[in-house]
Amino acid sequence: MKVIMDLHTHTMASGHGYSTLKENIDAAREAGLKYLGLSEHGPAMPGGPHVFFFSNYKVIPRQYGELKLLCGIEANIMDYEGSLDIDEALQEKMDYIIASMHVPCVKPGSREENTRASVNAMKNPFVKILGHPDDSRFPLDYDVLVQAAAEEGVALEVNNSSLHPLSPRKGGRENIAVMLEACKKYDVPVLLGSDSHVCCDIGRFDASFQMLDEVGFPYELILNGNSENIRRIIRQ
C-alpha cells in the first residue's frame with residue numbers, strides 16, 4: 001500500500017523534537033507523501049509552543065512541489081469531560097485537531113473515566129483524529145471507543161511510535177491489536193500516524209503495517225492511501 005499522508009508529526013517547536021519544519025518537509029517529499037501534517041503539542045504539554053505559534057500559521061507556505069502542508073495541533077485532553085487545552089476560537093483556525101491524552105496533562109483515570117474523556121473529545125466538531133489510544137496507563141473500553149468514533153466521524157490512530165520498543169507508553173502492541181479487532185468488527189477505518197519527533201521517521205509505518213498484517217486488518221479501512229480521505233480529516 002502506498003501511503004500518501006502523515007498527519008502526526010513534530011518539530012523542535014514541541015520542545016522535545018529534533019528536526020526543523022524544513023527538514024520535515026524535505027523528508028516528506030523524499031518519502032513521496034502528498035500531505036504532511038504539522039501537529040505540535042498543545043500549550044499544556046511541558047515545552048510545548050505558546051498559542052501564538054498556532055495562531056501565526058498564516059505565514060507558512062502550504063505547497064512544496066507535489067506536497068501540501070496542513071497546519072494542525074495535537075491538543076491535550078485535560079479532564080474526563082474531554083476538554084482541550086486551546087479555546088474554541090483557536091480550534092476553529094486549525095486545519096485539523098488530534099486530541100490525545102498525555103500523563104503530564106491529565107491524571108490517568110479508570111477505564112470508564114478515560115473512555116468518557118476520549119468519547120467527549122471526539123464529540124468536539126473540530127477534533128478529527130484521536131491520538132495514540134493505546135496506552136495502558138489510560139485503559140480504554142475499545143468497543144465503546146470504536147463505536148463512538150464511527151458515530152462522530154473521527155479517525156482512530158494507529159501510532160507507529162507506540163510500537164517502538166522504547167516507547168514510554170505501555171502495552172501499545174496489545175492495545176492496538178484489540179482496537180483493530182474492534183475496528184474490523186464495526187467496519188471503522190483507522191489513520192496511521194508516525195508521531196515523528198525526528199525527520200527520518202516522517203512517513204515511516206513499518207511497525208504499524210506489521211501489526212496490521214498480524215491481525216489481518218483490511219487495507220481498505222486504512223485512510224492514508226487515498227487523497228479523497230483527506231476531506232474527512234481537514235477543516236473545509
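Here is a short chat about one buried serine and some salt bridges in a predicted model.

Biologist: Is Ser118 buried or exposed?

Modeller: Happy to look! Ser118 sits in helix H4, which covers residues 111–122. Buried means under 20% relative accessible area. Ser118 has a relative accessibility of 2%, so the answer is buried.

Biologist: Which residues does Ser118 contact, leaving aside neighbours within four places in sequence?

Modeller: Contact here means heavy atoms within 4.5 Å. With those sequence neighbours set aside, the partners of Ser118 are Ile77, Met101, Leu130, Leu140 and Leu145.

Biologist: How many residues apart are Lys22 and Asp26 in helix H1?

Modeller: These two form a salt bridge, with their closest N and O atoms 2.8 Å apart. Lys22 is exposed at 53% relative accessibility, while Asp26 is partly exposed at 36%. Both belong to helix H1 (residues 21–30), and their separation of about one helical turn follows because they are apart by 4 residues.

Biologist: Arg137 forms a salt bridge with which residue?

Modeller: Arg137 is partly exposed, at 31% relative accessible area. Its partner counts as buried, at 5% relative accessibility. The closest N and O atoms of the pair are 2.7 Å apart, and that partner is Asp135.

Biologist: Arg173 and Glu214 tie together parts how far apart in sequence?

Modeller: Good one! The two form a salt bridge, the closest N and O atoms being 3.3 Å apart. Arg173 lies in helix H6 (residues 172–186) and Glu214 in helix H7 (residues 206–214), so the parts they tie together are separated in sequence by 41 residues.

Biologist: And how many salt bridges does the structure hold?

Modeller: The pairs we discussed include Lys22 with Asp26 and Arg173 with Glu214. For the structure, the number of salt bridges is 9.

Notes. Residues numbered from 1 in each chain as written. Predicted model: local features only at pLDDT ≥ 70, side-chain atom pairs only at ≥ 80, totals over all residues. Heavy atoms only, no water. Helix = DSSP H or I, 4+ residues; strand = E, 2+ residues; numbered from the N terminus. Buried < 20%, exposed > 50% of the residue type's maximum accessible area, 1.4 Å probe, protein only. Salt bridge = Lys/Arg side-chain N within 4 Å of Asp/Glu carboxyl O.
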